[in-house]
Amino acid sequence: MGVFTVSDVTPDPTNGVIPSEHQRLMNIVAVAEKAEEIGLDVFALGEHHNPPFVSSSPTTTLGYIAARTSRIILSTATTLITTNDPVKIAEDYSMLQHLSGGRVDLMMGRGNTGPVYPWFGRDIREGINLALENYDLLHRLWREDVVDWQGKFRTPLNGFTSIPRPLDDIPPFVWHGSIRSPQIAEQAAYYGDGFFHNNIFWPIDHTQRMIELYRTRFEHYGHGPASHAIVGLGGQFFMRRNSQDAVREFRPYFDNAPVYGHGPSMEEFTSGTPLTVGSPQQVLERTLGFRQKVGDYQRQLFLIDHAGLPIKTVLEQMDLLGEILPDLRAGLLEGRPADIPDAPTHASLLAASGAQPDDSYRFETGDNVTGLASRTA
């Protein structure tokens, strides 16, 4: 269970206040710290290189958050596999993995903002091909000490070693995020990676079809039965203890936000997508209903701070989420077959490998304990 942010800098429609970039970044840090405080498992940060977003360097922000937290998994939503060099992704996220003591995974995505592609010398019409080729290279860079490689979209590599090597020789677990591209579901299945359907704008029937495709192909490639595929879902909510208060308070944000407004009414949108505006009980029941469509799944992330919501309101939303969190966990586990796997973590992947963790260096700052691994013989 976790939350994610896309880092939009959006005016508050109720008073016109626009946070500065600095304020927005500090608010993101506050959300991550709050996520750990209320007992969530994951905090995920988007990557964008265009206004109105502010998160152009997720590893920098997540590294800072890693030093201020001790338990929560740090992830992305998403890492742009199309416009980033896979060599730099391999280096940056291995570095973050070491500095966070293994508390990192990442979600790969193509990015859907056309103008960004040429800024990095790429063509959006090659988005799928870039995603496939770049991830093939990244997958090898984390698993082979010396790589010889040649492809279409970057210069060849000859005898190349990505540094640092992954912590404990365990690459970060990868989710492939997509809303509408079956090729990405196929890619996730081929590698036996996770598939994350960020269904915040789509009806659950579409989500169901995409996840069924991924599960079928996961089994086809020999990674185990379809029920063992690693699935993640997006979602979003606005809660108040009284549902009428939630509807009244969120309406101006919905009506004016670039991602929502000027289209279907809030009532139409909530009926057709996972957006839930109401009481904590309504959010609980709606979220538990996802399982009826997609089966048992491993990760639920909520978009928590967007549309110009002030940080005070966001943190209040998280307190309410913390209150229903035990019931969410219990409901998603009720009747769950014992063989359904959990989402992989560094610790579980290390245990499965039979290797011993390299914890030769540790430091403590207050209540924060972060592992720094030194690669020793």
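Start by selecting Arg-24 and Asp-305, whose side chains meet in a salt bridge with N and O 2.8 Å apart. Zoom out a little and you will see that this pair links distant parts of the chain: Arg-24 belongs to helix α1 (residues 21-37), while Asp-305 sits in the loop between β13 (299-303) and α11 (311-333), 281 residues apart. Both Arg-24 and Asp-305 are buried. As you look around, keep in mind that this is a predicted model.

**More salt bridges**

Next, pick Arg-299 and Asp-105. Their closest N and O atoms are 2.8 Å apart, and the two form a salt bridge. Here too, distant parts of the chain are linked: Arg-299 is in strand β13 and Asp-105 in the loop between α3 and β5 (106-109), with their positions 194 residues apart. Are these two buried or exposed? Arg-299 is buried, and Asp-105 is buried as well.

For a local contact, move to helix α3 (residues 86-99) and select Lys-88 and Asp-92, which are four residues apart and so separated by about one helical turn. Lys-88 and Asp-92 form a salt bridge, with 2.6 Å between the closest N and O atoms. Colour by accessibility if you like: Lys-88 is partly exposed, at a relative accessible area of 43%, and Asp-92 is also partly exposed, at 24%.

Now select four residues together: Arg-240, Glu-249, Lys-312 and Glu-316. Salt bridges link them in a network. How many salt bridges are there in total? The count comes to 22.

**On to the rings**

Switch to the aromatic side chains; a search of the whole structure finds 14 aromatic pairs. One of them is formed by Tyr-190 and Tyr-191, an edge-to-face pair with 4.9 Å centre to centre and 90 degrees between the planes. Show the surface here and compare the two residues: Tyr-190 counts as partly exposed at 46% relative accessibility, whereas Tyr-191 counts as buried at 18%.

Then go to Phe-201 and Phe-269. Their ring centres lie 6.2 Å apart and their planes are at 70 degrees, so this pair is edge-to-face. Phe-201 is in the loop between β9 (194-197) and α7 (204-220) and Phe-269 is in helix α9 (residues 266-272), so the pair ties together parts that are 68 residues apart in sequence. Phe-201 is partly exposed, with 33% relative accessibility, and Phe-269 is buried, with a relative accessible area of 9%.

Leave those two selected and add Phe-238, Phe-250, Phe-254 and Tyr-260. Ring pairs link these residues with Phe-201 and Phe-269 into a cluster.

**Last stop: an enclosed space**

Rolling a probe the size of a water molecule over the atoms shows where empty space is left. In this structure the search finds one cavity of 30 Å³ or more. What volume does the largest cavity have? The value is about 60 Å³.

To see its walls, select Ile-81, Met-108, Gly-109, Arg-110, Ala-131, His-176, Gly-177, Ile-184 and Gln-187, which line the largest cavity. Three elements give two or more residues to this lining: β5, β8 (174-177) and α6 (182-191). Colour the lining by residue class, and it divides into four nonpolar residues, four polar and one charged.

Notes
Residues are numbered from 1 along each chain as its sequence is written. This is a predicted model: local features need pLDDT of at least 70, side-chain atom pairs count only at pLDDT 80 or more; totals for chains, interfaces and linings use all residues. Side-chain values use heavy atoms; hydrogens and water are left out. Buried means under 20% relative accessible area, exposed over 50%, partly exposed in between (1.4 Å probe, protein chains only). Rings of Phe, Tyr and Trp (its six-membered ring) pair if their centres lie within 6.5 Å; planes under 30 degrees apart count as stacked, over 60 as edge-to-face and the rest as tilted. On a 1 Å grid over the protein atoms alone, a cavity is a set of points where a 1.4 Å probe fits but cannot get out, and a pocket is an open set with protein on both sides within 12 Å along at least five of seven lines; lining residues have an atom within 4 Å of a point. Grid points are joined across faces, edges and corners, and a volume is the space filled by probe spheres set on the points. Ala, Val, Leu, Ile, Met, Phe, Trp, Tyr, Cys and Pro count as nonpolar, Asp, Glu, Lys and Arg as charged, and the others, Gly among them, as polar.
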